[in-house]
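Hi,

Here is the structure I said I would pass on. Have a look at it first, and my notes come after.

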Amino acid sequence: MQNGFVENISLPNFPLWDSLKEKKKVVSFDLEITSRCNNNCRHCYINLPAQDKKAKEKEIPLSFIENIADQALDLGALWCLITGGEPLLREDFTEIYLSLKRKGLLVSVFTNATLINSRHIELFKKYPPRDIEVTVYGVTRETYEQVSRVPGSFERFRRGLDLLLEAGIKVRFKAMALRSNAHELREISDFCRERTKDYFRFDPFLHLRYDRDPLRNEEIISERLAPRKIVEIEQADQQRFDGLKSGCDSLILPECEDKVCNHLFHCGSGNHSFAVSCEGFYRPCPSLWHPGCLFDLKQGSLDSAHNNFTPQVRQLRSDNQEFLEKCRRCTIINLCIWCPAHAYLETGFLDAHVKYFCEVANARKEMLGK
Amino acid sequence: MGPAFSIEKVYRRSQDVVARDIQGEFILIPITSGIAEAQDEIFSLNETGRLIWERIDGKKNLKQISDGLKQDYSENSQDIEADVCGLTEELLKRKMVEEVTNN
């Protein structure tokens, strides 16, 4: 026998990450518990109205979620992200959250914070989340509600956020950079960084709708910033720019020009994480909505989805010459948000070239002076 | 100060901690506040720690747990008692185990 029985480990230094990855084990998963939202954001890829009865009826019940969580634990999962839509719209949010916590999962929650009330605060104080990520659409009522399109939502967001911060709940911030709030991005960034020591990120890349709704997609496209503007705001954010600059050599890969590989998936999609939709469909990656990449967990096990289905998806290949020439051999693919999942959302095909992505990637390359 | 620690006392594992074996790594995950200092912290038990943790069942006192381990492992009995007490005290300090009282 020996001494020194208990060791505190901070998560980033957890030695299991490497061995889990080596053994193709699951580390984390996203659980979308609703696609409904009480905001109606112009750029959102998933939101359905809060009162959408049909959508509500299709949502996976607590018992199904518990079953999925048990299976995920068996696969090694340690971390679960509860997301939506707006997850706090679920009347059984507390039960879902507690159930995942009690199973020994580290739980994060994505929310717009507008529905946070004193009961949530009590819950999070007693059973702390790993973090709560709040999206900030604007820091003035005018800008916020220009994006959310719900009168009164800014005030509710501020109240909910203040409740979280006053209670000392660990909050992270995210902002989407849109045409509707681009003029306020600096203020949004300052607002977020003043309120967290931990983490703030902004995302100028707006995904199209998972349901491929053409009218909503037009709205999203109209909110996209021009490539030059994206580069401008990336350059203005010292932290982000430094990151791009320092990673420059690994982001631009001249050797790609000689590549002949026709595999679609070169990312880690599905290897150590997955997403479950609010209707119970497994996806190797949260952005991957191609019908051929969905696995119905009402019909089969998570083990089968992760260990049999995902490898099949990852084996998919392309014979689209335009894609193979333009994207697969592209030296700046790492500066591009192209991936099979995003290509599908844009075009209906997993292996299509996307002009807008290409323009952004080239603008970023120019910014980096390459 | 908490109640006095004793080898004659019975302790049980806290319900506010979940023990998991992931790929042979035995970890304790706190689910309530007040156990880990940060939400980003988990605890790993070594092999000895795991053996003892699994025997802290709310029924046997630490002396009985040590005796059981002595029977199963031919180790120096003083070392075993020291290990059992050392770990339990450490876990008690972290509120990962609690004393069982008759009332």
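Below is what I found, going through chain A and then chain B.

Before anything else, keep in mind that this is a predicted model.

**Chain A overall**

Chain A has 16 helices and 12 strands. Of its 370 residues, 44% are buried. If you take the contacts in chain A with a separation of 6 or more, 71% of them are between residues 24 or more positions apart.

The domain assignment splits chain A into two, and each part is made of two segments: domain 1 is 12-225 + 272-315, and domain 2 is 227-265 + 317-370. Their C-alpha centres are 25 Å apart. Where the two meet, domain 1 of chain A puts in 15 residues and domain 2 of chain A puts in 12. On the domain 1 side, that contact breaks down into 10 nonpolar residues, 4 polar and 1 charged.

**Two residues with distant partners in sequence**

A:Cys278 sits in the loop that links strand 10 (273-276) to strand 11 (281-283) of chain A. Is A:Cys278 buried or exposed? It is buried, because 24 other C-beta atoms lie within 10 Å and the cut-off for buried is 20 or more. Setting aside neighbours within four places in sequence, the contacts of A:Cys278 are A:Glu32, A:Ile33, A:Thr34, A:Ser35, A:Glu59 and A:Ile60. A:Arg36 is worth a look as well: A:Cys278 and A:Arg36 are 242 residues apart in sequence, yet 9.7 Å apart in space, C-alpha to C-alpha.

A:Pro49 is another one to click on. It belongs to strand 4 (residues 48-49) of chain A. A:Pro49 counts as exposed, because it has 12 C-beta neighbours inside 10 Å and exposed means 12 or fewer. From A:Pro49 to A:Gly369 you cover 320 residues in sequence and 44 Å in space, C-alpha to C-alpha.

**Helix 6 of chain A**

Which residues of helix 6 (residues 141-148) of chain A are buried? They are A:Thr143, A:Tyr144, A:Glu145, A:Val147 and A:Ser148. Helix 7 (153-166) of chain A is part of what covers them. Right after helix 6 of chain A comes A:Arg149, with a positive phi near 60 degrees.

**Backbone oddities**

That brings me to the backbone. Most residues other than glycine have a negative phi, and most peptide bonds are trans. A few places here go the other way.

- The peptide bond from A:Gly84 to A:Gly85 is cis, and its omega is near 20 degrees. A:Gly85 is in the loop between strand 5 (79-83) and helix 4 (93-102) of chain A.
- A:Ala113 is not a glycine, but its phi is positive, about 75 degrees. You will find A:Ala113 in the loop between strand 6 (106-111) and helix 5 (118-126) of chain A, and it counts as buried, with 24 C-beta neighbours inside 10 Å.
- B:Gln23 is not a glycine either, and has a positive phi of about 55 degrees. B:Gln23 is in the loop between strand 2 (17-22) and strand 3 (25-30) of chain B. It is exposed, with 11 other C-beta atoms within 10 Å.

**Helix packing in chain B**

Helix 3 (residues 77-93) of chain B packs with helix 2 (residues 62-72) of chain B at an angle of about 135 degrees, and their axes are 9 Å apart. That angle makes helix 2 of chain B oblique to helix 3 of chain B. The crossing of these two is right-handed. From helix 2 of chain B, the residues involved are B:Leu62, B:Ile65, B:Ser66, B:Leu69 and B:Lys70; facing them in helix 3 of chain B are B:Ser77, B:Ile80, B:Glu81, B:Val84, B:Cys85 and B:Thr88. Sorted by class, this contact has 6 nonpolar, 3 polar and 2 charged residues.

Helix 1 (residues 47-55) of chain B also packs with helix 3 of chain B, at about 80 degrees and with the axes 10 Å apart. So helix 1 of chain B is roughly perpendicular to helix 3 of chain B. Here B:Thr48, B:Gly49 and B:Ile52 of helix 1 meet B:Asp83, B:Val84 and B:Leu87 of helix 3. By class, that gives 3 nonpolar, 2 polar and 1 charged. B:Val84 is listed in the contact with helix 2 of chain B and in the one with helix 1 of chain B.

Cheers

Conventions
Residues are numbered from 1 along each chain as its sequence is written. Chains are lettered from A and ligands numbered from 1 in the order in which they are written. This is a predicted model: local features need pLDDT of at least 70, side-chain atom pairs count only at pLDDT 80 or more; totals for chains, interfaces and linings use all residues. Axes are lines fitted to C-alpha atoms, for helices over the stretch in contact, and angles run from 0 to 180 degrees between N-to-C directions. Helices (H or I, at least four residues) and strands (E, at least two) are DSSP runs, numbered from the N terminus. Angles under 35 degrees count as roughly parallel, over 145 as roughly antiparallel, 65 to 115 as roughly perpendicular and the rest as oblique. A crossing is left-handed if the near helix is turned anticlockwise from the far one by less than a right angle, and right-handed if clockwise. Two residues are in contact if their C-beta atoms, placed from the backbone, lie within 7 Å. Ala, Val, Leu, Ile, Met, Phe, Trp, Tyr, Cys and Pro count as nonpolar, Asp, Glu, Lys and Arg as charged, and the others, Gly among them, as polar. Domain bounds come from an automatic or database domain assignment.
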